[in-house]
Amino acid sequence: MEVFGDVADVWRDFGTYEAPDGCFHDWALRVADDPEVLAWLRTLASDRERQPNLILAAARWNGVAAPGPYDALRAALLGDDAEGRRRGTPTGPVRATVAGRRTQTNEVGRLATLAPVLGLLAARHGGPLALLEIGASAGLCLYPDRWDYTWHLPDGEVSTHDGAAGRLTCEVTGQAPGSEVWPAGPLPVAWRGGLDLAPVDVTDDAQVAALETLVWPEHDDRRARLRTAVEVARADPPTVVAADLTTSEGLDLLDGLVEEAGRHGRVVVMHSAVTAYLPVAARQVLEQRLRGLVAAGRAHWLSNEGKRVHPAVTATGPPVPDDVATFVLGLDGRAAAWTHGHGRSMRWVAPAQL
């Protein structure tokens, strides 16, 4: 989803496409039609702070039960400033929470859609991979080699059996670019690192608990995966450094980490559900930097973002219907597949480009 634009449209799109059922579906659509709540949202400092998932997580963090009635959410938001005054704080608790946090879901289920392309790259290069993730949050998606996978194909299934963390499953349609996309064993990851505007310390219980509030209330399977992924990362903590990729300093830091990663293996710079949170101009600058790394042979670029986030990537595949909510998985700026935002499914759409 896009997070920039008219606040009512953003919430309506979230409820229609991102959360098509459950409590958040109901809440988001009702917010989109609630003039008083929309007016309160517009008092927040930025589009980033008005994001549905962040607002809903902040409300839950401050005591709003979910699933639950919309009236409880409405009362918490409209009464937030008064609650802050009652507590003697400069701002209300929800407002303070959204000001200090980011949407950092760290959905490890997406690895089921990323792993096939990583498998393809490992097979083609015949050596280890060095993974550098943009917007890594706590770094939970930097361990594709620790999970087993089952891909349900139209004519059967493919599974791996060497991962220690658990199993991720994905429904797959379309023609894959070749059998090498289904790795026979653990992916050969020799180095892993990440950048994030506000890295999450995977060893900090409070920060991990905040990640859990970003998981939608009915999604018990995602919550369980998150907890498992935390244990994996705690046993081998990733290096995630703070970087603002809207600045030249942040982009230079990205270049430096690509150089470091390249000493360990074939570099793959990857991001999933991240660049939508960058302003459009900064997003375009980052895209050009990544295309430059690809052109120079310094890295592969693996992107997995909403269909409107990198339109030049989306345009290299078949047109995406307006009523289809999908991520577009791209390799080196070329569309490869349409993917579910939480990794539940993927549809190969342009395998010949890979």
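**Exercise 1. Helix 4 and its surroundings**

Task: In this predicted model, determine how many residues of helix 4 are buried.

Solution.
- Step 1. Take the cut-off: buried means under 20% relative accessible area.
- Step 2. List the residues that pass. They are Pro52, Asn53, Leu54, Ile55, Leu56, Ala57, Ala58, Ala59 and Arg60.
- Step 3. Conclude. Nine of the 10 residues of helix 4 are buried, so the rest of the structure largely encloses this helix.
- Step 4. Look past the end of the helix. Gly63 follows helix 4 and has a positive phi, near 105 degrees.

**Exercise 2. Helix 1 against helix 4**

Task: Classify the packing of helix 1 against helix 4 and describe the contact by residue class.

Solution.
- Step 1. Start with the geometry. Helix 1 (residues 7–18) packs on helix 4 at an angle of about 80 degrees, and the two axes are 10 Å apart.
- Step 2. Apply the cut-off. Angles of 65 to 115 degrees count as roughly perpendicular, so helix 1 is roughly perpendicular to helix 4.
- Step 3. Find the residues. Helix 1 contributes Val10, Trp11 and Phe14, which meet Pro52, Asn53, Ile55 and Leu56 of helix 4.
- Step 4. Sort them. The contact of helix 1 with helix 4 has six nonpolar residues, one polar and no charged ones.
- Step 5. Combine with burial. The helix 4 residues Pro52, Asn53, Ile55 and Leu56 are among those listed as buried.

**Exercise 3. Helix 9 against helix 10**

Task: Classify the packing of helix 9 against helix 10, give its handedness, and describe the contact.

Solution.
- Step 1. Read the angle. Helix 9 (residues 205–213) and helix 10 pack at about 150 degrees, with axes 10 Å apart.
- Step 2. Apply the cut-off. Angles over 145 degrees count as roughly antiparallel, and helix 9 and helix 10 are therefore roughly antiparallel to each other.
- Step 3. Add the hand. The crossing of helix 9 and helix 10 is right-handed.
- Step 4. Name the partners. Asp205, Val208, Leu211 and Glu212 of helix 9 meet Arg223, Leu226, Arg227, Val230 and Arg234 of helix 10.
- Step 5. Sort them. This contact of helix 9 with helix 10 has four nonpolar, no polar and five charged residues.

**Exercise 4. Three salt bridges**

Task: The whole structure holds 26 salt bridges. For the pairs Asp34–Arg74, Arg192–Asp145 and Arg225–Asp221, establish the placement in the chain and the burial of each partner.

Solution.
- Step 1. Asp34–Arg74. The closest N and O atoms of Asp34 and Arg74 are 2.6 Å apart. Asp34 lies in the loop between helix 2 (22–32) and helix 3 (35–41), and Arg74 in helix 5 (residues 70–78), so the pair ties together parts 40 residues apart in sequence. Asp34 is buried at 7% relative accessibility. Arg74 is partly exposed at 24%.
- Step 2. Arg192–Asp145. Here the closest N and O atoms are 2.9 Å apart. Arg192 is in strand 5 (residues 189–196) and Asp145 in the loop between strand 1 (129–134) and strand 2 (148–153), so this pair links distant parts of the chain, 47 residues apart. Both Arg192 and Asp145 are buried.
- Step 3. Arg225–Asp221. The closest N and O atoms of this pair are 3.8 Å apart. Arg225 and Asp221 are four residues apart in helix 10 (residues 220–235), so about one helical turn separates them. Arg225 is buried, with a relative accessible area of 16%. Asp221 is partly exposed at 35%.
- Step 4. Widen the view. Salt bridges link Glu107, Asp221, Arg222, Arg225 and Arg344 in a network.

**Exercise 5. Backbone details in loops**

Task: Locate the cis peptide bond at Pro67 and the positive phi angles of Ser137 and Ala273.

Solution.
- Step 1. Pro67. The peptide bond from Ala66 to Pro67 is cis, with omega near 0 degrees. Pro67 sits in the loop between helix 4 (52–61) and helix 5.
- Step 2. Ser137. This residue is not a glycine, yet its phi is positive, about 55 degrees. Ser137 is in the loop between strand 1 and strand 2. At 2% relative accessibility, Ser137 is buried.
- Step 3. Ala273. Phi is positive here too, about 55 degrees, although Ala273 is not a glycine. Ala273 lies in the loop between strand 7 (266–272) and helix 12 (280–295).

Definitions and conventions
Residues numbered from 1 in each chain as written. Predicted model: local features only at pLDDT ≥ 70, side-chain atom pairs only at ≥ 80, totals over all residues. Heavy atoms only, no water. Salt bridge = Lys/Arg side-chain N within 4 Å of Asp/Glu carboxyl O. Helix = DSSP H or I, 4+ residues; strand = E, 2+ residues; numbered from the N terminus. Buried < 20%, exposed > 50% of the residue type's maximum accessible area, 1.4 Å probe, protein only. Axes fitted to C-alpha atoms, helices over the stretch in contact; angles between N-to-C directions. Parallel < 35°, antiparallel > 145°, perpendicular 65-115°, else oblique. Left-handed = near helix turned anticlockwise from the far one by under 90°. Contact = heavy atoms within 4.5 Å. Nonpolar A, V, L, I, M, F, W, Y, C, P; charged D, E, K, R; others polar.
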